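Hi,

Here is the structure I promised to pass on. Have a look at it first, and then read on for my notes.

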Amino acid sequence: MTVRRLPLSLRLGLVLVALLLGVALLSLVWTPFPADKVRVVARLRPPGAGHWLGTDHFGRDVLSMIMVGARNSLSIAAAAVGLGLLFGVPLGLAAAALGRWGDEILARLGDLVFAFPAVLSAILLTAVLGAGAVNVVLALGLFNAAVLARVTRGAALAVWRREFVRAALALGRGPLSVTRVHVLPNVAGVVVVQATVLFAVAIVNEAALSYLGLGIQPPSPSWGKMLGDAQTHLFNAPLQAVFPGAAIALSVLGLTLLGDGLRDWLDPRQRGESGLL
Amino acid sequence: MPNRKPCAALAILAVGAALGALPGAAPSWAQVRTDLVVGMALEPPHLDPTAGAAAAIKEVTYANLYEPLTRIDAEGNVVPGLARSWTVSDDGLTYRFTLRPGVRFHDGTACDSADVKFSLDRARAADSVNAQKAYFAPIASVETPDPATVVVTLSRPDGLFLFHMASGDAAIVAPESAAANKQKPVGTGPFKFERWVAGDRVVLVRNPDYDGPKPALERVSFRFISDPAAQVAALKAGDVDAFTLFSTYEALPEFRNDPKFTVTVGTTEGETILSTNNARKPFDDVRVRRAMAHAIDRPTLIEGVLYGNGVAIGSHFPPHRAGYVDLTGMYPYDPKKARALLAEAGYPDGFETTLRLPPPPYARRGGELIAAMLAEVGIRARTEPMEWAAWLEKVFKGKDYDLTMIAHTEPLDIDVYGRADYYFNYGNDRFKAVEEELNRSQDPARRNALYGEQQRILAEDAVNGFLFMLPSITVQNAKLAGMWVNRPIQANDVTGVSWK
């Protein structure tokens, strides 16, 4: 097996995601100003020496808000994807292993979730349970679980038809053991790629919900809420929308490139199948 | 310039340009417009003001389409409406109204005392769906000695009766059409209903048979635009000629600097308050409520939320009304004192609470600022945005809340503090005693003194956080005249509007 160069998209993605992570981690120990410090007299300042990215309509420092917003965005997306992995992957594996009735029931449950767009079901859920970070995680996590279950099932079914699985079964291995030893390692790559993409989707959806006022609640800053607040200032302070918008765009770009690059890198068709097994 | 040959037009242009007189000549050809498009943020759920609390219903129909017995004019005075005059007996129990002669409903039927009796009886009936049933509760009987006379007898004196009878809720409707008014409104006003394009506009046209002075406008459209950015764009594009209760305050400097627009800032009856659940711990302790009053920096709040276009209040009473007492100095902004009061009440480290916020921008923005101010003294308020339906159900009806922020827009509504079942969960026997005397007394000087006393009691008890008066801001085409500046009642009365 030769060590191949990492694809360009993967390297770009890694840089952007590392930047995002770095900013989020830095905000734990340092921000230029407290992100929730309100000073109405200093509102809507343009970018300058004191406030590098200016101030918002309440005089809060935009850079500090973007930094803490990155942390909030990442934590929510991570929790939502984590929840999806926790429930989606075992469900997908179970569906593939059970076949027939079990598979059918799980597939129909998935259809139920897919019947509503993720943002719509998240709005429904937050409307019933109340706005806030936890409910956003739950809503997005539910969607992610459904997506991951479907992807895992599809990949796992393909593995189940392979000769080495039949051989293992013929040797008397149970389905649980086959799933753990043979199926899971072979679907891991697909799941990781899908999880990366879902991570980007979760960031966008969290921003959408916060834009609607259903996401993270003030005083904790959120990119989506910053965009929502900026909307009425488009005429007198257009930069208010640019910074959170750019933050969302760059994060999603980074994560999508990362997912794309990972898929290229992990794709067994480019690797020689025997190497994986 | 219809059908004129291009070359001729060019020649005129050339001559005009040479003389430098062309711009000045234009108005002499132009006909004065007789149509008007009024922008509003919210669409009414239906068009029957006697069957719904939504302000938007009255903002379309009041004085334009329906008329009550008495009316509120642009300055907030009670003036004749359907009744051209009235007398009140000395004991304050019998009101004798004389109706305008020859009034007809838009469907052609005559409007006489029987219709008034029908409307008042309908509003006070047991199965009435009137949003302000309490306005009609004092009525004991309605008699109609002749078609032009209505005699209303009260069971108890009510100093606000004429005021309440001037509200949109007391609009006079006809028995033949009342049931269909929600979709096809029929009133007696100077405008009649033409059509309603759901989600977009309601169109009214001049009523040619109106018995009073005819309005200058022939056609009035009310357009509903909820998105703040779209409101600004619609004004700039000329899609709406005037936007009332404009709440995108950050856009005002731009409109003020543009000679095409006029911006007026007037008063409303909207006391904007931090409603506080007085029955719930720790807000049942007056020291905690006073601490919050000291923690809120009202000038900053008004600057941050309204861009300075608001007046601070110290109790639940509008400064423009007779009887107002200035109590804004009672709890000056003083975080140290707030902390001390909290410590005294047993909360040296503050406490956690929830601030539930209805949709209007003043509440969402203001709530965020107030939460930041409360945090400075240790009160950690979690904001929770809610939709209107949920807010009405949970907070207003269910009284399930700690704090909320809302403007109380009914005129002269200080009496709600005397209602035991109101969502503040506040009760004070002294206040109720003053309220009872208010209902008995007709003398204006005495009434004002009593209102002053009520304001003081509420301020001393710091029942709610008294914040500011919601401004009535209208952004309009500079050529428009006659729009109301103030908003003494929920209305967009366009009967006196014309183009210059």
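A bit of vocabulary before the cavities: helices (H or I, at least four residues) and strands (E, at least two) are DSSP runs, and their numbers count from the N terminus. Also keep in mind that this is a predicted model.

**Cavities**

Searching the whole structure turns up seven cavities of 30 Å³ or more. The largest holds about 160 Å³ of space. Its lining is made of 16 residues, and those nearest the centre are Y135(B), S167(B), D169(B), P411(B) and Q490(B). Sorted by class, that lining comes out as eight nonpolar, five polar and three charged residues. Where does the largest cavity sit relative to domain 1 and domain 2 of chain B? Both domain 1 (35-65 + 189-267 + 472-500) and domain 2 (66-180) contribute lining residues, so the largest cavity lies between them.

Next is the second largest cavity, with a volume of about 110 Å³. Its lining includes A293(B), I296(B), R298(B), Y331(B) and F466(B). Which strand of chain B gives the most to this lining? That would be β17 (residues 465-477), with three residues. The class split for the second largest cavity is seven nonpolar, four polar and one charged.

**Domains of chain B**

Chain B splits into domain 1 (35-65 + 189-267 + 472-500), domain 2 (66-180) and domain 3 (271-469). Between domain 2 of chain B and domain 3 of chain B, the C-alpha centres are 34 Å apart. Nine residues from domain 2 of chain B and nine residues from domain 3 of chain B take part in the contact.

**Cores**

The largest nonpolar core has 90 residues, and the ones touching the most other members are F246(B), F255(B), L301(B), I370(B), Y417(B) and F424(B). Helix α12 (residues 361-376) of chain B is the top contributor to this core, giving eight residues. If you want to zoom in on one member, try F246(B): setting aside neighbours within four places in sequence, its contacts are Q231(B), V232(B), L235(B), A251(B), L252(B), F255(B), I473(B) and V475(B). There is also a second, separate core of 57 residues, which includes A131(A), V183(A), V191(A) and A202(A).

**One residue worth a click: T276(B)**

You will find T276(B) in strand β12 (residues 261-276) of chain B. Is T276(B) buried or exposed? Its relative accessible area is 1%, and the cut-off for buried is under 20%, so T276(B) counts as buried. Without neighbours within four places in sequence, T276(B) is in contact with F283(B), R289(B), M292(B), Y401(B), D402(B), L403(B), F424(B), V463(B), N464(B) and G465(B). T276(B) and L355(B) are 79 residues apart in sequence, while their C-alpha atoms are 9.4 Å apart in space.

**Chain A**

Chain A has 10 helices and zero strands. Its C-alpha atoms fill a box of roughly 75 × 50 × 30 Å along the principal axes. Chain A has 277 residues, and 47% of them count as buried. Among the contacts in chain A with a separation of 6 or more, 72% are between residues 24 or more positions apart.

**Backbone oddities**

Some background for this part: most residues other than glycine have a negative phi, and most peptide bonds are trans.

- P218(A) and P219(A) are joined by a cis peptide bond, with omega about 10°. P219(A) is in the loop between α7 (175-211) and α8 (223-231) of chain A.
- The bond from K281(B) to P282(B) is cis too, with omega near -5°. P282(B) belongs to the loop between β12 and α9 (286-295) of chain B.
- L245(B) is not a glycine, yet its phi is positive at about 50°. It is in the loop between β11 (242-243) and α8 (252-256) of chain B, and at 30% relative accessibility L245(B) counts as partly exposed.
- Y307(B), again a residue other than glycine, has a positive phi near 50°. Its loop runs between α10 (298-306) and β13 (311-312) of chain B, and at 15% relative accessibility Y307(B) counts as buried.

Cheers

Notes. Residues numbered from 1 in each chain as written. Chains lettered and ligands numbered in written order. Predicted model: local features only at pLDDT ≥ 70, side-chain atom pairs only at ≥ 80, totals over all residues. Heavy atoms only, no water. 1 Å grid on protein atoms, 1.4 Å probe; cavity = no way out; pocket = protein on both sides within 12 Å on 5 of 7 lines; lining within 4 Å. Points joined across faces, edges and corners; volume = space filled by probe spheres on them. Nonpolar A, V, L, I, M, F, W, Y, C, P; charged D, E, K, R; others polar. Domains from an automatic or database assignment. Core = buried A, V, L, I, M, F, W, Y, C linked by side-chain atoms within 4.5 Å. Buried < 20%, exposed > 50% of the residue type's maximum accessible area, 1.4 Å probe, protein only. Contact = heavy atoms within 4.5 Å.
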